[in-house]
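Got the viewer open and a selection tool ready? Let's walk through one site step by step, picking residues as we go.

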Amino acid sequence: MRIAIYPGSFDPITNGHVDVATRAATLFDQVVLAVYDAPPKRLLFTTEERVAMARQALEHLPNLRVASYSGLTVAFARSVGAQIVVRGLRVISDFEAEHQMALTNRELAPDIETVCLMTRREYAFLSATIAKEIAKLGGPVENFVPSHVAAALRLRFGSAEQQREAVIPTQLLRD
Ligand code: ADP
């Protein structure tokens, strides 16, 4: 059985991530979208919120599940029996970081292979950072992220009153 993990920050999940995850689910028997709990960047959403939003975005894929992890990505891959790490490539500037990470992970775990999937043209310039920036400035993000994520972004950047109303269904918070 071919098991792959798709690790990342997913702060929040975008249509580009959904596309990569969906294509990975057709390539491998099982996919675990792995939400890294402490990436070296400032996060907008908590780990639980990132997991819940990803879960809702991908609930239609029967062979994909969402989990959070801490520590080494290759250690998490081993813990779920995965032999493959999936990453997405957008523009040439992604290549350097992905290349470095893939070679480092191969040093740490020669038995685990990295597979990079090329983005679709329409998502080539889409990142979670850009979606957050647009939402922060009050712009429309509906074309960039799933509708429940757009709502969460609007609430996060909206009034304090709106923020208190931002409730994520508790069944989606399960690990
Ligand atoms: P990280 O913080 O590890 O870069 P991200 O959540 O930003 O994690 O992204 C996870 C993976 O998805 C990375 O390999 C990234 O290149 C890829 N990715 C992000 N956005 C897109 C997109 N629009 N199209 C294809 N791949 C993407």
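Start by selecting the ligand: the space it takes is the largest pocket. Keep in mind that you're looking at a predicted model.

Next, bring up the shell around the ligand. It has 17 residues, and Tyr-6, Ser-9, Lys-41, Gly-88 and Thr-119 come nearest. Color the shell by class and you'll get six nonpolar, six polar and five charged residues.

Now zoom in on three of those neighbors. Which atoms of the ligand do they face? For Ser-9, a polar side-chain atom sits 2.5 Å from a ligand oxygen. At Gly-88 the partner is a polar backbone atom, 2.7 Å from an oxygen atom of the ligand. Thr-119 puts a polar side-chain atom 2.9 Å from a ligand nitrogen. Switch on surfaces here: the ligand taken alone exposes 540 Å², and the protein buries 88% of that.

Go to cartoon view and pick out β1 (3–8), α1 (15–27), β4 (84–89) and α4 (92–108); each of these supplies at least two residues of the ligand shell.

Then widen the selection to the whole pocket, which has a volume of about 1,000 Å³. Its lining counts 44 residues, with Gly-8, Ser-9, Lys-41, Arg-87 and Glu-98 closest to the centre of the pocket. Color this lining by class too: 22 residues are nonpolar, 15 polar and seven charged.

Last stop: which elements build the lining? β1, α1, β4, α4 and α5 (128–136) each give at least two residues. Select α4 to finish, as its nine residues are the largest share of the lining.

Technical notes
Residues numbered from 1 in each chain as written. Predicted model: local features only at pLDDT ≥ 70, side-chain atom pairs only at ≥ 80, totals over all residues. Heavy atoms only, no water. Near = heavy atom within 4 Å. Polar contact = N/O pair within 3.5 Å; in protein donor to acceptor, adjacent residues only side chain to side chain. Areas by Shrake-Rupley, 256 points an atom, 1.4 Å probe, with all protein chains shown as cover. 1 Å grid on protein atoms, 1.4 Å probe; cavity = no way out; pocket = protein on both sides within 12 Å on 5 of 7 lines; lining within 4 Å. Sits in = over half its atoms within 2 Å of the grid points. Helix = DSSP H or I, 4+ residues; strand = E, 2+ residues; numbered from the N terminus. Nonpolar A, V, L, I, M, F, W, Y, C, P; charged D, E, K, R; others polar. Points joined across faces, edges and corners; volume = space filled by probe spheres on them.
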